[in-house]
Amino acid sequence: MPGMKRILLMLCSLVFGGLAQAQLPGVCTQAVVGVTEGWNSSHARVSLVERNANGQWVRVLGPFPARLGRNGTVWGLGIHANPRGATLKKEGDGRSPAGIFAIGGLWTTTKTPVKHDRALPEVKVGPNDLWVTDLNMPKYYNRYVRLDHPAATPWELHEQMKQTDYPHSIKLLICHNTAGTPGRPVLGGGSSIFFHIWRNDGAAPTAGCTTLQEQNLRAIISRLSVARHPVYILLPSAEYTRLRSAWRLP
């Protein structure tokens, strides 16, 4: 694809050095935790928890109401081990990926600065910036791409990151099916999964992202520390209870 500059997603691999299919890593001392009532619910309660000097997990923010995929949740591709034979996240299924995921960088268009750890990279989104969801482009699928020119062709405009949509003015990457882990992205395994601002004051579900009220999203981002190896844990309540011990969940 002439004239295209690819920026590979190193953020997620930097968090755990490419670790995949594991329990909650011992180096993780900070987690965003989302819990739903069941697999088909598009509502969640989201908290930020941290492990203190005594090794105890303590809630420091939340719980905040959140909206998920319109069809609920399904197992995703993260740093956890999916159950054998489980149904997995697919492109266009309207479900949010469940499991444990590294947290990547920020992509923003907001004019109000987002307070965040400077070790967490921020991309100021402009007309050259794409996030590829096209299944016919396996080389670029579920990758951030910066063109050397403003998006102009129909394909470029279709893949262009949103420029003027308030709910997408602050986006924090959830590392589902992202580059940085061998064998990923899996083509068709789901793409463009972020935390972002919710739509219609929380009245609208998403296509697979996790959305929150702006002030709550900003509060979580402002406290995240790359040095604490933060993750996102999203599970139905029954699965969280069942896996808590084995996965070393907070």
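Two strands are taken to pair if DSSP finds at least two bridges between them, and strands (E, at least two residues) and helices (H or I, at least four) are DSSP runs numbered from the N terminus. The structure is a predicted model, in which local features need pLDDT of at least 70 and side-chain atom pairs count only at pLDDT 80 or more, whereas totals for chains, interfaces and linings use all residues. Residues are numbered from 1 along each chain as its sequence is written, and side-chain values use heavy atoms, with hydrogens and water left out.

The predictor's confidence in each residue is expressed as pLDDT, from 0 to 100; its mean over the protein chain is 92, and 91% of the residues reach 70 or more. Over residues 1-10 the pLDDT is below 50, and this stretch has 30 contacts in the model beyond near neighbours in sequence, a contact being heavy atoms within 4.5 Å. The pLDDT also stays under 50 over residues 17-21, for which the model has 13 contacts beyond four places in sequence.

Strand β6 (residues 96-108) pairs with several other strands, β10 among them, in the antiparallel sense over 4 bridges. Of the residues of β6, 13 of 13 are buried, where buried means under 20% relative accessible area, exposed over 50%, and partly exposed in between (1.4 Å probe, protein chains only). Within the pairing with β10, Leu106 stands opposite Leu172 and Ile103 opposite Ile174. Strand β13 (residues 231-236) is likewise antiparallel to β6, over 4 bridges, with Ile233 as the bridge partner of Ile100. Parallel pairing is found with strand β5 (residues 73-75), which 3 bridges join to β6 and in which Thr73 is partnered with Ser96 of β6. Strand β7 (residues 122-124) also runs parallel to β6 and is joined to it by 3 bridges, the bridge partner of Trp107 being Val123 in β7.

Strand β10 (residues 170-174) is mostly covered, with 5 of its 5 residues buried. In a regular strand the side chains alternate between the two faces of the sheet. In β10, Ile170, Leu172 and Ile174 point one way and Lys171 and Leu173 the other, and all are buried. Besides its pairing with β6, β10 pairs with strand β11 (residues 194-197) in the antiparallel sense over 3 bridges. Leu172, which stands opposite Leu106, has Phe195 as its bridge partner in β11.

Open and enclosed spaces were identified on a 1 Å grid over the protein atoms alone, a cavity being a set of points where a 1.4 Å probe fits but cannot get out, and a pocket an open set with protein on both sides within 12 Å along at least five of seven lines; lining residues have an atom within 4 Å of a point. Grid points are joined across faces, edges and corners, and a volume is the space filled by probe spheres set on the points. The largest pocket has a volume of about 640 Å³ and is lined by 28 residues, of which Lys162, His168, Ser192, Ala207 and Cys209 lie nearest its centre. Its lining comprises 8 nonpolar, 13 polar and 7 charged residues, with Ala, Val, Leu, Ile, Met, Phe, Trp, Tyr, Cys and Pro counted as nonpolar, Asp, Glu, Lys and Arg as charged, and the others, Gly among them, as polar.

The second largest pocket holds about 220 Å³ of space, and its lining divides into 8 nonpolar, 1 polar and 3 charged residues. Strand β4 gives the most to this lining, with 4 residues. Pro63, one of the lining residues, has its place in β4 and is joined to Gly62 by a cis peptide bond with omega of about 10°. By the rule for enclosed spaces, 2 cavities of 30 Å³ or more are counted. The second largest cavity, of about 30 Å³, is lined by Thr109, Val125, Met161, Lys162, His168 and Lys171.

Most residues other than glycine have a negative phi, and most peptide bonds are trans. The peptide bond from Arg184 to Pro185 is cis, with omega near 5°, and Pro185 is found in the loop between β10 and β11. Asp201 has a positive phi of about 55° and is exposed, with a relative accessible area of 72%. Arg248 also has a positive phi of about 55°; this residue lies in the segment after α4 (237-243) and, at 40% relative accessibility, counts as partly exposed.
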